[in-house]
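The questions below ask how certain descriptions of this structure are justified. Each answer sets a value beside the criterion that it has to meet.

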Amino acid sequence: MSKNYKIAVVGATGMVGRKFLQVLSERKLPAEYTLFASSRSAGTEIDFMGKTYVVEELTHTCFDGRGFDIALFSAGGGTSLTFAPSAAKAGAVVIDNSSAWRMDKDVPLIVPEVNAHAVSGYKAKGIIANPNCSTIQAVVALKPLHDAYKIKRVVYSTYQAVSGAGMGGYGDLERGIKGEAPLKFPYPIFGNCLPQIDVFLDTGYTKEEQKMIDETHKIMEDDAIRVTATTVRVPVFHGHSESINLEFDRPFELEELREKLESAPGIIVVDDPANQKYPMPIDAEDRDEVFVGRIRRDFSVDSGVNLWVVADNIRKGAATNAVQIAQELIKLWKTEGK
Ligand code: A2P
């Protein structure tokens with residue numbers, strides 16, 4: 001009989017945490033689960049996979065002696081910084097959705113379609129990081145094109161949904177629709193666009209923009225790619241959209257480039273201008289794939305292309321990617337007999 005792995009879900013009551021549970025119930029991992037959140041919701045009952053679970057309080061000792069193999073964390077950066085080492089010390093591999101550990105050189109940063117091989121790097125610290133939502137969907141599209149034509153430069157411009165800012169962001173759009181003032185964002189998001197996601201850095205970039213730059217280098221394992229980004233919050237509930245401009249080292253044929261995207265894992269090409277078919281956030285909602293369209297040559301450079309890339313930021317951009325990492329880990333352990 002195959003082993004049943006023990007998985008802790010930390011932050012199970014949150015927006016991403018609940019999506020973790022949905023994706024886990026769809027993918028049916030060989031696992032049993034324990035749910036954690038803060039003392040505020042300890043004791044809350046959550047129905048999941050035909051059972052009622054009682055949420056437990058996250059503490060430094062809550063993992064001890066319980067044989068957890070994996071701890072899926074989505075409870076904010078501060079909580080991850082404080083508690084992930086406790087989970088790892090107790091023997092669990094932490095898959096962390098926050099930005100707390102992403103740039104640690106001893107922590108792999110993984111998008112399975114791009115660098116699944118890096119999963120064995122968990123052995124250094126017992127932690128694997130799940131990338132930023134905007135970066136995940138971008139690199140899924142970049143990878144097959146970098147392999148084929150070697151990307152020299154990337155210009156990202158994002159149109160990001162309010163759900164990326166958690167319950168608070170979602171609430172601000174709902175409040176705005178009702179004519180009420182925002183609580184989470186510094187300005188109204190309804191009928192508006194905010195060219196600020198996360199805090200500003202000394203460079204004039206926002207932290208979200210810097211994350212896209214740094215994480216692209218780390219996941220693609222190529223610091224030579226020149227990357228710049230402008231990230232914008234738009235009044236959309238679900239699904240991030242991105243305009244991505246790429247410049248290549250090598251020449252390409254547009255039809256072949258399209259075929260490379262069509263045959264790449266995790267991508268659905270929706271690109272039929274004659275029939276006004278292109279990816280939109282409303283079509284990506286609750287889907288695991290990354291949708292790519294508006295594929296057209298950039299005539300302003302020798303070898304360049306423009307893409308429009310859309311994905312569900314809470315699924316592929318967070319929960320699905322983390323669960324895929326857990327599946328890669330289990331695959332690795334099976335080859336090692338664990
Ligand atoms: P809780 O419901 O007890 O506050 P969101 O990003 O949607 O707000 O979700 C955040 C998630 O992280 C929630 O499940 C929340 O639990 C959890 N969380 C926040 N702070 C802590 C903490 N200090 N310890 C454990 N869980 C936390």
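Q: Which residue of β7 stands opposite Ala71?
A: In this predicted model, the residue of β7 that stands opposite Ala71 is Val94.

Q: What makes β6 and β7 a pair of strands?
A: Two strands count as paired if at least two bridges are found between them. Strand β6 (residues 70–73) and strand β7 (residues 93–96) are joined over 4 bridges in the parallel sense, so the criterion of at least two is met. Both belong to an open sheet of 6 strands with parallel pairing, in the order β5-β2-β1-β6-β7-β8, where β5 (56–57) and β8 (127–129) are the edge strands, each pairing on one side only.

Q: How do you know how helix α2 is directed relative to β6?
A: Helix α2 (residues 77–89) lies across β6, β7 and β8, and runs at about 175 degrees to β6. Angles are taken between N-to-C directions and run from 0 to 180 degrees, so a value of 180 degrees would mean opposite directions.

Q: Why are Ser80, Phe83 and Ala84 of α2 called buried?
A: Buried means under 20% relative accessible area, and the residues of α2 in that class are Ser80, Phe83, Ala84, Ser86, Ala87 and Ala88. What covers them includes β6, β7 and β8.

Q: Where does α2 have a kink?
A: The kink, of about 40 degrees, lies at Phe83, shortly before the proline Pro85. From its first C-alpha to its last, α2 with its 13 residues reaches 18 Å, close to the 18 Å expected at 1.5 Å a residue.

Q: Why is the contact of Glu26 with Arg315 called a salt bridge?
A: The criterion is a side-chain nitrogen of Lys or Arg within 4 Å of a carboxyl oxygen of Asp or Glu. In Glu26 and Arg315 the closest N and O atoms are 2.5 Å apart, so the pair satisfies that limit. The pair links distant parts of the chain, with Glu26 in helix α1 (residues 15–27) and Arg315 in helix α9 (residues 315–336), 289 residues apart. Both residues also belong to a network of salt bridges that includes Lys19, Arg27, Asp286 and Asp288.

Q: Are Glu26 and Arg315 buried or partly exposed?
A: Arg315 has a relative accessibility of 2% and counts as buried, because the limit is under 20%. Glu26, at 41%, is partly exposed, because that class lies between the limits of 20% and 50%.

Q: What makes Lys125 and Asp104 a salt bridge?
A: Their side chains meet at 2.6 Å, N to O, which is to be set against the limit of 4 Å. Lys125 lies in the loop between α3 (112–115) and β8, and Asp104 in the loop between β7 and α3, so the pair ties together parts that are 21 residues apart in sequence.

Q: Why are β10 and β12 called edge strands?
A: In the open sheet of 6 strands ordered β10-β9-β11-β14-β13-β12, the pairing is mixed. β10 (226–233) and β12 (267–269) each have a single partner strand, so one side of each is left without a neighbour in the sheet. β12 is joined by 3 bridges to strand β13 (residues 290–297), and the two run parallel; Ile268 has Phe291 as its bridge partner in β13.

Terms used:
Residues are numbered from 1 along each chain as its sequence is written. This is a predicted model: local features need pLDDT of at least 70, side-chain atom pairs count only at pLDDT 80 or more; totals for chains, interfaces and linings use all residues. Side-chain values use heavy atoms; hydrogens and water are left out. Contact means heavy atoms within 4.5 Å. Buried means under 20% relative accessible area, exposed over 50%, partly exposed in between (1.4 Å probe, protein chains only). The expected span of a helix is 1.5 Å times one less than its number of residues. The bend at a residue is the angle between axes fitted to the seven residues ending there and the seven starting there.
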